[in-house]
Amino acid sequence: MIINFPFVQYFTDEEVIKYKDNMFYFSYTHQNPDNGLFIEPSIEECYRAIDSVNFSSISYESELTKLINPINNNFLNSENQLFFLDYLSEKQNSDGSFSDIGGIGSLYSTYKVIKILDLLNKSYLDDPLRKGKIDNIINFVNNSLEKNGWGFRYHPLIEQSDIISTYYAIEIAKRFNAYSLIQNVNITNFINSTRYLAQGGYALTSYSTIVTQETTHFGIQAHLGINYTYTPSEMIVFESYFTGRRNITGGYSDTILGVPNVGSTYYAIASQTILNITIDPFNETYSLNYILDRQEPNGGFSSSSLSEVNNTDSKSGWAAMKCITLLENATTDYQNQKILYYNWIYERQAMNGLIGQVNLQSNYNGVLSLYQYDISNYTTFLKMDKILHYVELCYNSEDGGFGPQPSRNSSIYSTYCAIFLYNLFHPYNITYLPNETNTELYFTTLQNQDGGFKLGEDLDVIISYFNSAYTSMFNLINTNISTIISTYWAVSSLNSLDSLNVINKTALFHWLYSSQNADGGFSLFIGFHSDVISTYYGLENLNFFNIEPISRISAIKFLKNSQRSDGSFELIPYLSLFFNLPSSFMGNYLGAKGLYYYRSQPQNIQNLAKWFRICFSNATGGVGDYPLFGGDLRNTPYGLIIIEDVRYDQAFDPIPWTRLILWLILAEGIVLILITMLNIISYLNMSLYKFVKIKLGIRDRLNIEYLKRFNAIHCENLEIYSGKKIIVDGVSLELEHGKILGVLGESGAGKTTFIKALLGMRKYKGKCEIYGLDARKNKKRFRPIFGYVPQDLGKIYNNFTTLQNLIYFGFQYGLTEKQIASRAKRLLRGLEIEDKMHSHVKTLSGGQKRRVSIAMALIHNPIFCILDEPTSGLDPVVRENLWLALTRINELLSTTLLVISHYPEESRFCDKIVVFGRQRGMIDFGSPNELLSQLPGSGRVIELIFKDVHENSIQKLESIEGVEKALENKVGFSYVLLTDLNLREIKIKIENEFGTDSISELKQSDVKMEEYFRYKALKIKEME
């Protein structure tokens, strides 16, 4: 008795739907409402924007600006009105700090998150439910205090305190009434130690002698923040300091006679305002005008007058708006400038109110999320054309790669993202890479001599993968080093372009093998410890080439051994002996997927499912780098994937088991039916096994009888390219099995290129099927079922006899000598050279050698055969006889023949012909009679001979009403006219034009294919 045990389910169907809907909403709302581009938010960008906008001012009104108020957002549903605040609030690490990337927090980003939340909703952090968050913040600030209280550090692991972190710590302590944090007298001593009286301002640290307006500003605020004041003499020093750095333009610089910039100008004016230093109104006006002059046409602000046009950034915009607020008087409100600036921010704002950067990576992650949510209808949720336009703007024609943003250096990951988007959108938008060849060459320039691909500009992506674990690699990794992840991006991209042949595979294989360590795992770069992420990508790199690692078993064992008791994966297991590194979402995702892909699963799937569960944010719907950390767009597409894998324990999968029971019951009934059928058909001497195989066409090799049910060729809108240049355009045709297709056209028209595309030997766009099989995917399977007769007879061995040549080539198809000899007689008889079976090939004529070549191509009974200009170089009589032999072979073997030729008259032997023209692609397709009947005259022509030579006779003939075309046989003397007029009508009109006694002979005859070609040659098709 079979018992179907119930399975363990960690996520119910309802939960899966809820989480996936939440992730979809999170990703969908990361799009800008107008341009549809996905935004990659950051704490820095949000802080600079929110701190420089007054949402209660007259300038901010819905009819004046598109800028979205984060706490009054009409794009969000009622359940998500606090999305902006929740998103930032959840960016808290376990140590209490805040950061964009999990585990990399600082006092800078922590202060900015608190500042944003307070600016938008002062009561948000004071909610008793968030007391735990506040306690963690205070603990982080306390841990950032340097030994003996000598100021505060950027992060507890940083050795040296700095004045900016110290000010932020003071403000945070005061915000949460944690005054005990700032009562150490050494904090004051540290602040005083950063001041350089000789220069008049503050430096960043006690050991730095560089004084800037920014560090001076924070030094002043830190000093005043702990309730200290300045003496009159100190105030004089400050006044001198600021005056000495004021430029005649009104801007301020960091040094005397230095170049002023917007940031320094704001910090100088803000500092003087805090100190109540009176600025001359004349100078205030100059400073205000200096700031206003830095606004670019797009609404943003550039740093200085030396900046490039439209080289705007968020910090300059923030500083400019803060400066305008300080300098504008009660009678003047620079509303127009503010509106322009607010709309500049809006270009970088998502529907959910978050503010950040638009780049290729964010659009890749956003599109991939929507695709994973709904593969069939994902395009309805985004603005595909605008995303593709942005991708095109990121293309760098100089090197063929794509930058993360327009006018930025190309990077391997950005190029990977661009190729993915082009391929994903291609079924919906026929857009190709700007220059596929150049992009392929771009990847070759990034391959190092060791075989791997250099990291280049993508260090930030690696940091987002490894999070806090990256610090252990900080001093070892550089942009020129080969990494396993950058190699994956390159190999995956070239594989999708079908261009892996452009790289040095030998060196790559050696490098990949060297990347696998003794413990079975792969390292990010050679010489470092194995990690879970690199092991996944290492195995995938090898998988592209269908080659095995040094030890697949040890790689899987490494992944299994990397899993901890809580279900998560140690990112770098060796370092866990010395450091307590947290698990990251990407590490766990790739560790789990690596095991799933290689027919295994994580050991502790129950705890892993719990770990993933608390990475999913209930407040925003995103997926965090760590549990309870908060959502990020970069993780969301992978959250949509992994939840399906960990929803139940796959060590025992009940679904196939249940299906097996059902199929066993059905199989018993089917077997009874088949046995009955076997008895019925036994008299036909055909076994049931053979019957089913033939009917279904499921033999190990291609079933020829099954294939014959399909059309021999089926093409729809076939386009063949070389790089970006189109070679063959617009081929659409169908050819039944057993027919002869003539592929006709002048030299260089694309005939051979078309045939190569049919066999999958040339990249193409559109649809191309041979006997129902996709040519691109089945090119290797085609080899045993087709024959090929080359134009060059060099493949024939002249010192062999005809039969010896057939035996040699027959052996290559697995035929026995007996089979070959039997087939050879029939073939050679059909080709009328049976008497030459034992003659040496070198003694045969050119036409006979051509027939031997045809016999060699047909010896294995192919379903179709391609003949490349078989009659080229032969005299007309031999050509005629060879074609008659081909038609006999076609009838005898029922083999589809594809014959390439540039002789128009040979079309009469073909069932169908396809005509190509140089630089015009396919001109026409059909039977010879159909094509000829389409010409003016419906298959007949008028032959005209003049008595005398006439000048400009073609122009005069074609000017006659009813004459479509005049083809000249002899200059000024003999012509063929394509016309629907009868002999009497055309005679009258010619005599009216040339004289009553001008015609020597006028008769009607059938149109010839040569005349069809001459007519079509005059019709020039425009190529795209």
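## A tour from Arg175 to Met761

Start by selecting Arg175 and Asp126: their side chains make a polar contact, at 3.2 Å. Keep in mind as you click around that this is a predicted model. Arg175 sits in helix 6, which covers residues 163-175. Is Arg175 buried or exposed? Its relative accessible area is 17%, so Arg175 counts as buried, the cut-off being under 20%. Now show what surrounds Arg175: leaving aside residues up to four places away in sequence, it touches Ile114, Asp118, Lys122 and Leu125 as well as Asp126.

**Next stop: Ser42**

Select Ser42, in the loop that runs between strand 1 (39-41) and helix 2. Ser42 is another buried residue, with a relative accessible area of 16%. Beyond residues up to four places away in sequence, Ser42 touches Asp100, Ile355 and Gly356. Hold on to Ile355, because that residue also appears in the lining of the largest cavity, where an atom within 4 Å of a cavity point is what counts.

**The cavities**

How many cavities of 30 Å³ or more does the structure hold? There are 2. The largest has about 60 Å³ of space. To see its walls, select Glu45, Arg48, Ala49, Ser314, Tyr341, Trp344, Ile345, Arg348 and Ile355. Two elements give two or more residues to this lining: helix 2 (43-50) and helix 13 (335-346). Colour the lining of the largest cavity by class and you get 5 nonpolar, 1 polar and 3 charged residues.

For the second largest cavity, jump to Ala712, Ile713, Ile770, Tyr771, Phe864, Thr896 and Leu898, which line it. The space inside is about 30 Å³. Here the class colouring gives 6 nonpolar residues, 1 polar and no charged ones.

**Along helix 11**

Now select residues 281-293, which make up helix 11. From first C-alpha to last, its 13 residues reach 18 Å, close to the 18 Å expected at 1.5 Å a residue. Look at the N-terminal end, where Asp280 acts as a cap: one of its side-chain oxygens lies 2.7 Å from the backbone nitrogen of Phe282.

Which residues of helix 11 are buried? Pick out Ser287, Leu288, Tyr290, Ile291 and Leu292. As you turn the view, it helps to remember that an α-helix has 3.6 residues a turn, so residues three or four places apart point the same way. Show the neighbours too: the buried residues of helix 11 pack against helix 10 (262-274), helix 12 (314-327) and helix 13. You have met helix 13 already, as a contributor to the lining of the largest cavity.

**The second largest pocket**

Move on to Glu436, Ser496, Leu497, Asp498 and Lys763, the closest to the centre of the second largest pocket among the 37 residues that line it. This pocket holds about 1,300 Å³ of space. To bring up more of the wall, show helix 16 (412-425), helix 17 (436-445), helix 19 (484-496), strand 9 (713-722), strand 12 and helix 30 (779-782), the elements that each give two or more residues to the lining. Its make-up by class is 13 nonpolar, 12 polar and 12 charged residues.

**Last stop: Met761**

Finish at Met761, in the loop between helix 29 (751-758) and strand 12 (764-770). Met761 is exposed, with a relative accessible area of 54%. To close, draw a distance line from its C-alpha to that of Met23: the two residues are 738 apart in sequence and 42 Å apart in space.

Conventions. Residues numbered from 1 in each chain as written. Predicted model: local features only at pLDDT ≥ 70, side-chain atom pairs only at ≥ 80, totals over all residues. Heavy atoms only, no water. 1 Å grid on protein atoms, 1.4 Å probe; cavity = no way out; pocket = protein on both sides within 12 Å on 5 of 7 lines; lining within 4 Å. Points joined across faces, edges and corners; volume = space filled by probe spheres on them. Helix = DSSP H or I, 4+ residues; strand = E, 2+ residues; numbered from the N terminus. Nonpolar A, V, L, I, M, F, W, Y, C, P; charged D, E, K, R; others polar. Buried < 20%, exposed > 50% of the residue type's maximum accessible area, 1.4 Å probe, protein only. Expected span 1.5 Å × (residues − 1). Contact = heavy atoms within 4.5 Å. Polar contact = N/O pair within 3.5 Å; in protein donor to acceptor, adjacent residues only side chain to side chain.
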